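Please examine the sequence and the model shown below before reading on. The paragraphs that follow lead from one helix to the chain as a whole and then to individual residues.

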Amino acid sequence: MSAFHADIGFEFGIPDIVHGRAMSIHAGELLGWFDVAERDLPWRADGVTPWQILVSEFMLQQTPVARVLPIWSDWVARWPTPSATAAATPAEVLRAWGKLGYPRRAKRLHECATVIARDFADVVPDDVETLEQLPGIGSYTARAVACFAYRKPVPVVDTNVRRVVARAVHGLADAAAPSAKRDHADVGALLALLPKAAQAARFSAALMELGATVCTARTPRCAACPLRACAWRDRGFPPGSTVRRPAQRYAGTDRQVRGRLLDVLRDNVLPVTKAELDVAWPVDPVQRERALASLLDDGLVERLADDRFVLPGQDRNDSTASR
DNA sequence: GAACCGTGGCG
DNA sequence: TCGCCAAGGTT
């Protein structure tokens, strides 16, 4: 722990009913570690706006930091504000998103920009309640924006926080499956014990960072952990349940087919024919049609009057022929 | 609560 | 190799 934080006496604790003790996470230890171990991520730099932080949170949903870095930098340079984003077409947004995954996130980000530009004078709201009403923003993202963009002392519960609390506080290898009910309880417990000072927001960031870089899911680096107290270690690192949920396959799923179809549309500036889409998934026409129908339904693809296909809002004129 | 929604890297 | 996992949200 650094000298700067040595006098911080507050602790973050959650009553452990099962084991009849109240383990806690020492804020001073955690913050002292964060002072030296914090990653130098571009969306944490001075001068980054709340909107740009919001963009990073959209991109980081279910997506590793390393893959977000280059996309985010190009994105915020091109569209630095909500109104600039809203002025782009969905097609442009989907191309910039590229293969970051879950293209619905890109579409929701565009919708979110539109609402903020139109209804909030181009200013990202700073309170959780309002943020949660925006497209693509749920409990986590709302709290992350309030905390990281506006330094509000609100708990942020993500997969990292769930895992750190499960281990250090409850002595379990893994967190229970995410649930709105449990998360609400966690938020309540966190809020009651969150540091009240300006350090509160930083504490939330540090807790997430610990889960992301030290208390990781697969091979935790316990030797590098700053926490002196850990219920999981005290119990001898008991393994998690061997009964895992069914593996989330990808190969052969509708999601893969959707990905292939969107790939074709992203790569073609001109409208594509049905035949050009068909070759992207030739083996199973039934699945291909189902995937295409769902993309149309999601507003991620548009069918033109001549039965060719484009990304939504894409210029449908053949630029090679003024004819 | 469960299912669904992309993609790629790592152990 | 291949299952697991990554700063979730919506239906």
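Which residues are buried in helix 9? In this predicted model, they are N160, V161, R162, R163, V164, V165, A166, R167, A168 and V169. Helix 9 spans residues 159–169, and because 10 of its 11 residues are buried, the helix is largely enclosed by the rest of the structure. The list of buried residues includes R162, R163 and R167 alongside V161, V164 and V165. Just after helix 9, G171 adopts a positive phi of about 75°.

The chain as a whole gives the setting for this helix. Chain A contains 15 helices and 4 strands. Of its 323 residues, 44% are buried. The surface that chain A exposes amounts to about 16700 Å², and 55% of that area is supplied by carbon and sulfur atoms. When contacts between residues at least 6 apart in sequence are considered, 65% of them join residues at least 24 apart.

The interior may be approached through its nonpolar core. The largest nonpolar core has 83 residues, and within this core L30 and L54 touch the most other members. With residues up to four places away in sequence set aside, L30 touches I25, F203, A206, L207, L210 and L227.

The packing of two helices can be considered next. Two packed helices are described by the angle between their axes and the distance between the axes. For helix 2 (residues 50–60) and helix 3 (residues 65–78), the angle is about 145° and the axes are 10 Å apart. The crossing of helix 2 with helix 3 is right-handed. Helix 2 contributes Q52, V55, S56, M59 and L60 to the contact, while helix 3 contributes V65, V68, I71, W72, W75 and V76. By class, the residues of this contact comprise 9 nonpolar, 2 polar and no charged. An α-helix has 3.6 residues a turn, so residues three or four places apart point the same way. On helix 2, V55 and M59 both take part in the contact, as do S56 and L60.

One residue of that contact, S56, merits separate attention. Is S56 of helix 2 buried or exposed? S56 counts as buried because its relative accessibility is 0%, the cut-off for a buried residue being under 20%. Beyond residues up to four places away in sequence, S56 touches W43 and W72. The C-alpha atoms of S56 and R308 are separated by 34 Å, with these positions 252 residues apart along the chain counted as their sequence separation.

T85 offers another case of burial. This residue lies in helix 4, which covers residues 82–87. T85 likewise counts as buried because its relative accessibility is 0%. Leaving out residues up to four places away in sequence, T85 touches W51, W79, H110 and A113.

The last position to inspect is E302, in strand 3 (residues 302–303). E302 has a relative accessible area of 26% and is therefore partly exposed. Which residues does E302 touch, not counting residues up to four places away in sequence? They are L296, R308, F309, V310, P312, G313 and R316. One of these, P312, is 10 residues from E302 in sequence, and the two C-alpha atoms are 5.3 Å apart in space.

Terms used. Residues numbered from 1 in each chain as written. Chains lettered and ligands numbered in written order. Predicted model: local features only at pLDDT ≥ 70, side-chain atom pairs only at ≥ 80, totals over all residues. Heavy atoms only, no water. Core = buried A, V, L, I, M, F, W, Y, C linked by side-chain atoms within 4.5 Å. Buried < 20%, exposed > 50% of the residue type's maximum accessible area, 1.4 Å probe, protein only. Contact = heavy atoms within 4.5 Å. Helix = DSSP H or I, 4+ residues; strand = E, 2+ residues; numbered from the N terminus. Axes fitted to C-alpha atoms, helices over the stretch in contact; angles between N-to-C directions. Left-handed = near helix turned anticlockwise from the far one by under 90°. Nonpolar A, V, L, I, M, F, W, Y, C, P; charged D, E, K, R; others polar. Areas by Shrake-Rupley, 256 points an atom, 1.4 Å probe, with all protein chains shown as cover.
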